[in-house]
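Trainee: I am new to this structure, and I would like to understand the reasons behind the terms used for it. Could we go through them one by one?

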Amino acid sequence: MINLTDEKMDKTTKKKKKTAECCGYPISIFFIVVNEFCERFSYYGMRAVLVLYFRYFLLWDDDLATSIYHAFVALCYLTPILGAIIADSWLGKFKTIIYLSIVYAIGQVTMAISTIHDITDANRDGTPDNFTFHIALSMLGLILIALGTGGIKPCVAAFGGDQFQEHQSRQLNTFFSVFYLCINAGSLLSTLITPVLRAQECGIHTQQQCYPLAFGVPAVLMVISLVVFIAGSGMYVKTDPEGNIMWSVCKCIGFAIKNRFRHRSSSYPKREHWMDWANEKYDKLLIAQIKMVLKVLFLYIPLPMFWTLFDQKGSRWTLQATTMSGDFGAFILQPDQMQTVNPILILTLVPIMDRLIFPLIQKCGLNFSPLKRMTVGMLFAAMAFVSAALVQIEIDKTLPNFPSSSESQLKVVNTYSTTLNVTISPNEHLLIESFGSSADYVTFDHQDITVSLNTNPVITKAFSLIKGGRQTLIIPSDPTVMYLKEDVKSKPREGKNAIRFVNGYTADLNITNLDSIEPSATTNYTLVNQGKRDFVLRHGEQWCEFSRKFGFGASYTFLIPSTVFSDDCESITEVEDMKPNSVHMALQIPQYFLITTGEVMFSVTGLQFSYSQAPKNMKSVLQAGWLCTNAVGNIIVLIVAELGKLPKQWAEYLLFASLLVAVSIIFSIMAYFYTYIDPAEIEAQVRKEQGLEPEEMEKETLEMEEKDEDQKNEQGVKQTKI
Ligand SMILES: C[C@H](N)C(=O)N1CCC[C@H]1C(=O)O
């Protein structure tokens with residue numbers, strides 16, 4: 001009885017139901033943040049191994065793999081619109097989260113199943129026999145995941161916000177910070193764990209990289225996320241949707257435009273806002289709510305530019321890291337692991353900003369409003385790209401001088417028994433000792449060359465070089481069969497090292513992990529990771545072991561002499577085709593620090609702002625609008641990647657930085673004209689203007705709800721708590 005009265009009291013005063021609290025916070029938010037942690041673990045964990053799955057399981061090329069990856073990410077940030085419409089117009093946030101989480105979990109399970117190679121590996125050779133099956137299943141899984149993750153994302157944040165009372169605005173802000181911390185804790189753990197799971201070997205018939213485990217664990221986390229959310233069910237404040245609000249919004253906007261057009265003559269008096277042209281037909285409250293949403297959405301127009309820079313962490317910055325050294329002494333960092341610096345910094349910067357920096361700024365009497373924070377956040381991101389450009393300039397100083405598209409480069413390797421005088425027409429003369437090479441590549445601006453060796457008799461041979469390519473002229477023990485071998489002309493991917501062997505031994509050789517190599521032949525490049533690597537050379541019963549410590553991003557040709565077994569591999573000569581990376585990855589930390597500081601100011605604030613400025617019945621819609629800025633940012637990255645790059649990478653970084661500075665200036669001007677609103681206050685004011693005094697409103701609401709309750713009780717329908 002008492003409970004019912006409390007509930008009615010809450011409803012009449014238009015306040016939300018008070019839920020159980022702990023330290024001033026509703027207990028229900030515990031379930032929401034744990035749910036978000038598990039969901040983000042699931043999402044980022046799956047994302048961490050997705051490109052590798054495309055590349056090495058489905059055997060797609062780099063371009064297709066990265067394009068599909070970015071398209072998937074963009075889709076994940078477009079589907080929030082769908083989720084928001086379902087939540088605000090039809091099911092309400094609670095049910096939308098549950099139903100779409102089920103879709104999401106099914107998607108993750110489908111994805112995990114699609115990675116089991118044994119399903120179609122009838123001949124048991126370790127590779128799937130029916131790629132179409134795996135591609136179709138994984139695409140279905142990805143579509144379900146995008147629908148799920150995007151669909152619930154605007155609802156979870158807004159649903160969390162709904163748990164707070166009007167007087168809890170300080171706690172509400174802290175909630176959004178904690179929410180962001182959970183996102184990043186989930187992201188950090190999963191991006192560390194899933195690549196390790198992927199590197200395990202598993203399988204029924206043959207042992208392969210364990211993609212099913214790497215995708216299976218995120219699937220389990222998604223199920224846990226759903227269970228945790230349902231567990232909190234009894235404690236949530238659940239606001240019901242107010243009919244098909246999106247349809248009403250569209251009709252109202254359409255009518256306002258049509259009506260304005262009909263009355264375009266100057267004889268009609270102007271109206272304050274173009275939406276006021278809907279006054280004739282639509283409720284003033286709906287018009288006021290649409291005005292609030294449109295005002296914020298208009299402000300969002302410049303925001304995708306921030307995400308365009310932010311999302312390049314995973315692409316351009318990771319590529320930059322592949323040209324750097326990740327040797328930190330106590331540990332080795334791989335180029336793609338550098339990305340984990342972002343969530344690590346979020347976990348430290350959010351509390352520092354919230355507890356120290358923002359209160360300090362406030363104490364100094366400065367008004368650091370949300371929109372100012374977002375502008376400063378953009379400027380930090382621009383500075384991050386200036387820092388990336390400076391690092392790039394340092395890297396460029398250490399990079400080899402690669403040929404331009406009209407040039408060709410040539411190096412000479414001599415495995416003949418004596419020193420040779422090599423003349424390359426018209427006027428290149430090189431003296432190359434036995435089992436040695438020319439000091440560096442010689443650059444030609446023409447392709448046709450003639451090579452002469454000072455053997456007796458003189459050997460002369462004509463070659464055509466590859467335009468824009470790098471090649472090595474291999475002179476074997478029989479110089480008459482000298483030949484060209486193509487070299488790598490960019491830094492090997494992922495910071496690996498490209499190595500190959502020239503067989504100067506008189507018979508076939510077997511080398512660990514390589515095919516058998518004939519006398520005088522040269523193997524193709526093999527990529528090896530940083531660190532000490534051992535190779536065993538074998539011919540029949542004879543063998544010797546050869547060890548080499550590798551850095552990052554180098555390329556070597558190893559020359560095997562005929563004496564290789566008699567001196568226990570000691571006489572193998574190393575020719576350095578490309579120097580290892582020398583600029584340290586630690587130099588990327590300032591740019592990560594700057595972009596993450598920018599993210600805290602921009603993204604956490606944007607999340608809070610989108611919630612606080614939205615009318616009650618359109619909270620998810622505005623969250624979706626906010627997430628869409630991220631989708632558009634990703635699409636711009638895709639377009640930029642397709643259009644190609646500026647000739648100098650540092651110039652491209654500076655271009656992006658300048659664009660973001662320009663955009664942040666535009667945004668600050670727009671923000672200057674924006675007046676912060678209290679949507680609840682505006683709604684109450686409009687109601688008052690409509691002639692409903694607060695007491696009358698309360699009475700009317702109470703009467704309506706009582707009638708509603710009686711009807712439901714009569715029908716034996718279980719009462720939903722609001
Ligand atoms: C991992 C990022 N630091 C991050 O938290 N996000 C990037 C896009 C928005 C946000 C997220 O919700 O994942």
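Mentor: Let us start with the shell around the ligand, to which α6 gives the largest share, 3 residues. This is a predicted model, in which local features need pLDDT of at least 70 and side-chain atom pairs count only at pLDDT 80 or more, while totals for chains, interfaces and linings use all residues. Residues are numbered from 1 along each chain as its sequence is written, and side-chain values use heavy atoms, with hydrogens and water left out.

Trainee: What makes a residue one of those around the ligand?

Mentor: A residue is near a molecule if one of its heavy atoms lies within 4 Å of it. The residues that meet this rule include Tyr-180, Ile-183 and Asn-184, as well as Trp-307 and Phe-310. By class, the shell has 6 nonpolar, 3 polar and 3 charged residues, where Ala, Val, Leu, Ile, Met, Phe, Trp, Tyr, Cys and Pro count as nonpolar, Asp, Glu, Lys and Arg as charged, and the others, Gly among them, as polar.

Trainee: Why is the pair formed by Glu-599 and the ligand called a polar contact?

Mentor: A polar contact is a pair of N or O atoms within 3.5 Å. An N or O atom in the side chain of Glu-599 is 2.5 Å from a nitrogen atom of the ligand, so the pair qualifies. A polar side-chain atom of Asn-342 lies 2.8 Å from a ligand nitrogen, and for Arg-40 the distance from a side-chain N or O atom to a ligand oxygen is 3.1 Å, so these pairs also fall within the limit.

Trainee: Which residues line the second largest cavity, and what makes a space a cavity?

Mentor: On a 1 Å grid over the protein atoms alone, a cavity is a set of points where a 1.4 Å probe fits but cannot get out, and lining residues have an atom within 4 Å of a point. For the second largest cavity these are Ser-177, Val-350, Asp-354, Phe-358, Arg-373, Val-600, Val-604, Thr-605 and Gln-608. Of the elements, α14 (589–612) gives the most to this lining, with 4 residues.

Trainee: How many cavities are counted, and what volume does the largest have?

Mentor: The count comes to 3 cavities of 30 Å³ or more, and the largest has a volume of about 90 Å³, a volume being the space filled by probe spheres set on the points, which are joined across faces, edges and corners. Its lining divides into 2 nonpolar, 3 polar and 5 charged residues, with Asp-88, Lys-93 and Glu-242 among the residues there.

Notes. A polar contact is a pair of N or O atoms within 3.5 Å; within protein, one must be able to donate a hydrogen and the other to accept it, and residues adjacent in sequence count only if both atoms are side-chain atoms. Helices (H or I, at least four residues) and strands (E, at least two) are DSSP runs, numbered from the N terminus. On a 1 Å grid over the protein atoms alone, a cavity is a set of points where a 1.4 Å probe fits but cannot get out, and a pocket is an open set with protein on both sides within 12 Å along at least five of seven lines; lining residues have an atom within 4 Å of a point.
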